[in-house]
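The exercises below are intended for a reader who is meeting this structure for the first time. Please examine the sequence and the model before working through the solutions.

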Amino acid sequence: QVQLVESGGGLVQAGGSLRLSCAASGSIVSINAMGWYRQAPGKQRDLVATITNGGKTNYADSVKGRFTISRDDAKNTAYLQMNSLKPEDTAVYYCNALIRGTYYIQNYWGQGTQVTVSS
């Protein structure tokens, strides 16, 4: 059984910063790509940023220059550093990871963490 647990969400004023963490645990051999997605009320879930196991990153245009994704493979953890936050960044943020076990490779989602940016 594999779990992804996000943390670090909360309420922040516009222009502020937050750092999200996503820790994977369970029967893990390796983790391929990891990513962050977000879903605002009444909207679809959108990609925010991804990072491969080789460290290659990809960002949504709306967060480029403000958000930074990183990972610590020794801890099976991904991070999302969010700076210069805007009210439109308000959403539930979900972690995603493609995880390889001994006999499987499967995509997992975390439970989500709320980020609220006040104006």
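Two exercises on this predicted model follow, each with a worked solution.

**Exercise 1. The open sheet**

Determine in which order the four strands of the open sheet are arranged, and which strands are its edge strands.

Solution.
1. The order of the four strands is 1-3-8-7, and their pairing is antiparallel.
2. Strand 1 (2–7) and strand 7 (67–72) each pair on one side only, and these are the edge strands.
3. From one strand to the next, the twist averages 15°.
4. Within this sheet, consider strand 3 (residues 18–26) and strand 8 (residues 77–82): six bridges join them in the antiparallel sense.
5. As an example of residue pairing, Ala 23 has Thr 77 in strand 8 as its bridge partner.

**Exercise 2. The largest pocket**

Describe the largest pocket: state what volume it has, how many residues line it, and how the lining divides into nonpolar, polar and charged residues.

Solution.
1. The volume of the largest pocket is about 190 Å³.
2. Its lining consists of 15 residues. Those nearest the centre of the pocket are Arg 38, Ala 40, Lys 43, Asp 46 and Glu 88.
3. Strand 4 (30–39) and strand 5 (46–51) are the elements that give two or more residues to this lining.
4. Strand 5 provides the largest share, with three residues.
5. By residue class, the lining of the largest pocket holds six nonpolar, four polar and five charged residues.

Definitions and conventions. Residues numbered from 1 in each chain as written. Predicted model: local features only at pLDDT ≥ 70, side-chain atom pairs only at ≥ 80, totals over all residues. Heavy atoms only, no water. 1 Å grid on protein atoms, 1.4 Å probe; cavity = no way out; pocket = protein on both sides within 12 Å on 5 of 7 lines; lining within 4 Å. Points joined across faces, edges and corners; volume = space filled by probe spheres on them. Nonpolar A, V, L, I, M, F, W, Y, C, P; charged D, E, K, R; others polar. Pairing = 2+ DSSP bridges. Axes fitted to C-alpha atoms, helices over the stretch in contact; angles between N-to-C directions.
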